[in-house]
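Reader: I should like a close look at one part of this predicted model, namely its salt bridges. Please treat the matter in a single connected account.

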Amino acid sequence: MTANSAPSVIVSAAELMDEVAGSRPPVLLDVRWQLGGPNLRSAYDAGHLPGAVYVDLDRELAGPPGSGGRHPLPQPEEFGAVMRRAGVSADAPVVVYDGGLGWAAARAWWLLRWTGHTDVRVLDGGLAAWTAAGGPVREDAVTVTEGDFKPNPGAVGLLDADAAAALARSGVLLDARAGERYRGEVEPIDRVGGHIPGAVSAPTTENVDADGKFLAAAALRARFAGLGASGAAPVGVYCGSGVSGAHEVLALEVAGIPAALYAGSWSEWSADPARPVATGPDPR
């Protein structure tokens, strides 16, 4: 086991190779995704981990865009059906991976955790780490035995807009987006730039190294403590639409700090003109 891995939430490529070859291999989900672009099913078809099933983030890990944001949570029943079709069962381990950024994989990890699955991890460094370690890829079609997973939402923390606003005052609310979006200097996607008043800028890109692998748990704990998130007070996270924010929740979990996700995130918050908006480098 590597020094920066936490067996309950992330797994290294070397560890996964051993597990795939073992007597109880995990269900593998390929969640490669690109913001604003077509899905990456073609990339999956061109090469994926042996036995992995492709899951489309925009269609299967999110509901239709609207008042709840650009990637609102899917209906639990629909999400459960997707997971069963992918072979997910309640008592079988699951490992999720993407192209290497980790955001999409973290979104699938968070949804499975929120709906009650207790053994789901993210491949640290994604497909790039797997191939760099000499892991094989396949182009073949995967035959799946349907799973029995039935979602039971509420197993981990979820915030709505009002709860996020309250947490920014009573606890620690981290903004996982790039600093320039937090400060309101640029806003390429949503109606207005800035941040939720009281939120602290904490770009999730700073939770990983140059290869997209998570920093060591001790380094993450130190980083979050410097942002006021030591775990002594409740912690919440938001981002643009609930994808990169899930990655920061995962980083906090690696650090041993539980955190809730504001799934609607800035895309929901900024769409409501009645919600206050702060700009600049300071939380307030």
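Reader: Is R177 buried or exposed, and what is its relative accessible area?

Author: In this predicted model, R177 is buried, with a relative accessible area of 3%; the cut-off for this class is under 20%. Its salt-bridge partner is D175, and the closest N and O atoms of the two are 2.7 Å apart. D175 is likewise buried, at 0% relative accessibility. In general terms, side chains of opposite charge can pair when their charged atoms come close.

The pair of R177 and D175 belongs to a network of salt bridges that also links R70, R181, E187 and D190. Within this network, the side chain of R181 meets that of E187 in a salt bridge, with an N to O distance of 2.9 Å. R181 counts as buried too, its relative accessibility being 13%.

These contacts may be set against the count for the whole structure, in which a search finds 16 salt bridges. Another of them joins the side chains of D162 and R275, at 2.8 Å from N to O. D162 lies in helix α7, which spans residues 161–170, whereas R275 lies in the segment after α11 (265–269), so this pair ties together parts that are 113 residues apart in sequence. As for accessibility, D162 is partly exposed at 49%, and R275 is also partly exposed, with a relative accessible area of 22%. The cut-offs place partly exposed residues between the buried class, under 20%, and the exposed class, over 50%.

Conventions: Residues are numbered from 1 along each chain as its sequence is written. This is a predicted model: local features need pLDDT of at least 70, side-chain atom pairs count only at pLDDT 80 or more; totals for chains, interfaces and linings use all residues. Side-chain values use heavy atoms; hydrogens and water are left out. A salt bridge is a side-chain nitrogen of Lys or Arg within 4 Å of a carboxyl oxygen of Asp or Glu. Helices (H or I, at least four residues) and strands (E, at least two) are DSSP runs, numbered from the N terminus. Buried means under 20% relative accessible area, exposed over 50%, partly exposed in between (1.4 Å probe, protein chains only).
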